[in-house]
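Hello,

Here is the structure we talked about. Please open it first, then read the notes below.

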Amino acid sequence: MSRFPPFSRYEMNAASARVREQLVHVRRHLRTQAILDEATARLATRLNIRPGEAAEQLARMAQHSGLELIEVAKGIERPSEQVLERPEVPEWVRGMLAGVHASALFLTPVHDDAGRVVDFLVLAANKHARTPAGRTADDLAGRRLLAVSPGVASSGLLDDYIAVYESGESLHHMPLEFVEAMDYRLWPATLAVRAARVDEGLLVSWRILDDEELLVSGWERAQRLAELGWGEWNLATERTLWTPQMYEMFGRARADGPMPLEELPGVVVAEDLPVMDEQIRTLLEFRESVENEFRIQHRHGVRHLCVYSEPILDGDGVPVKVRCLVQDVTKNRRRERALAVAHEQATQEKERAEQEHRITVQLQNTILPIRRGLIQLPGLTVGVRYLPSEDLARLGGDWFKARLITDGRVLLAIGDAMGHGLTAASIMLQMRSGLAGLAYTGAPAGQLATWLNDLIVHSNEDVTVTGTAIIGHFDPERRTFAWTNAGHPAPVLIRDGRGQAVEGVTGTLLGAFDAAEYDMTVTQLEPGDTLLMYTDGVVERRGQDLDTGIAALLRASHACVGDDPEQMIDCLLRRLGADDSTDDVCVIAARVL
């Protein structure tokens, strides 16, 4: 029974009223900020000055008039639209913009009387151009940047664009929390922004981050909030990589660079040196992942660190890298000692188990937030299932993708990053997020696989990492599935109550070679067909070869026929005993309507 008395109805209503009151206050502030941002941009455009100078002018106007700043801002009318004589847009500019698959503009500078750049003219915009507030290419071309996008001033982007134009140094912001102001409303968006000087102008492109990128960005913020750090020591090149949180955890100045692995024992509290010795021995001698906790001497006192470590092995099984996920648990340990010094060790063990569970859930939810369910797509009903391994060290290899793309086709893909643990999770995230972005190009599946192979190879040059995948597009009009296979188990087609493996050309593993090309297979489907794609956790069992597992899957498919893909997946996994698999399990069942 809770020691807190239940809220009365009056108390709950009063609490809700307080929340509503706070939200009204915040929204009123947001509207005020939108009015000020638009007024500043309008004044800067009218007077042909920079936004910072316009803001100072607005404040002086309020002071001299005796009115509130917001009242003066409301009185700043939008400058009359002048027909500006734009130079002829060169063909090379049009061609350059056409090659950008995100929103893109070509800007030319606008100077004041002193010759300073104060704004930019939108000389041309590509067909994809769309601001967070909804302005399109027709609204942008031929107008001043501040007039069509006041948010570039308050966000600091205008200053960045001026710096790029004057210095020639390119700009890349990702993620950028951008807030557009239009019609006295704020339009927040998380963007990836690039800018580069080209000839006498500026090429600017941006895109709103998709769900996968927002999850990655959120995971990076979660590291800071949860006091998590990540480090990698390259044993061959002696090169070390640390995230910013690692420097704070170890009390080390960034100017000194990351701490070499052999110097770590020097900061460990003497009583915990045996723990550190065992960790290094497990990693380098036994070549196994290890999780432990030790204390270090920090400039602000003793810190408690919980460390998840794994060795990265080459083809001969020799450790070439060591990677660690580190969490500062000092606050937790101090709280435990204050609450129950006599039971400290038992409490520490419990806390570690809870932390491991939280981190496992965070990683799983960040990588694949949707684990089961039905997805209705053009011409298909798709059932999906992802059963992650309960073991943190084996988390993260399997992934799937089922979504409508812009040309009306349906992208269906499934894959598996080889290995387990942090390495597999990072490669899986590269594969799934990379495919999500590449799919917007509309390229065929074979080309997507080639690009994905290049991404994996060039993002992991120090160590060879590989993965398998089936990538395909379903055409709802023709009922065809055009797909390619990068070393993955072949899909199964269930038709008229019988399942059989779909024949196709099997290409090389993703990441195995610097340059790889993948052949395409086109499979004609019929209404009522079910296309089944799966990862090896469904069919692999200890002491049993892969062919035996696939044969068992085909037999099970004969007994699991039905109109509901989710029920079919339940039946298959139950008959194959996949619920008890020690590996990740991933299944897509797409039923043709």
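**Helix H17 and the strands around it**

Gly577 comes right after H17 and has a positive phi, near 70°. Keep in mind that this is a predicted model.

Start with the helix itself. H17 covers residues 565-576. Its 12 residues should span 16 Å at 1.5 Å a residue, and the end C-alpha atoms are 16 Å apart, so the two agree.

At the N-terminal end, Asp564 acts as the cap. One of its side-chain oxygens lies 2.8 Å from the backbone nitrogen of Glu566.

Which residues of H17 are buried? They are Pro565, Glu566, Met568, Ile569, Cys571, Leu572, Leu573 and Leu576. In an α-helix there are 3.6 residues a turn, so residues three or four places apart point the same way.

Several elements cover those buried residues. Among them are helix H16 (546-559) and the strands S11 (372-377), S12 (380-387) and S22 (585-592). S17 and S21 are also part of the cover.

Now those last two strands. S17 (residues 492-495) is joined to S21 (residues 530-534) by 3 bridges, and the pair runs antiparallel. Leu493 stands opposite Leu531 in S21.

S17 also pairs with S18 (residues 498-501), through 4 bridges and again antiparallel. Here Ile494 stands opposite Gly499. S17 and S18 make a hairpin, with 2 residues between them. Asp496 sits in that turn, with a positive phi of about 55°.

Best wishes

Conventions:
Residues numbered from 1 in each chain as written. Predicted model: local features only at pLDDT ≥ 70, side-chain atom pairs only at ≥ 80, totals over all residues. Heavy atoms only, no water. Pairing = 2+ DSSP bridges. Expected span 1.5 Å × (residues − 1). Buried < 20%, exposed > 50% of the residue type's maximum accessible area, 1.4 Å probe, protein only. Contact = heavy atoms within 4.5 Å. Polar contact = N/O pair within 3.5 Å; in protein donor to acceptor, adjacent residues only side chain to side chain.
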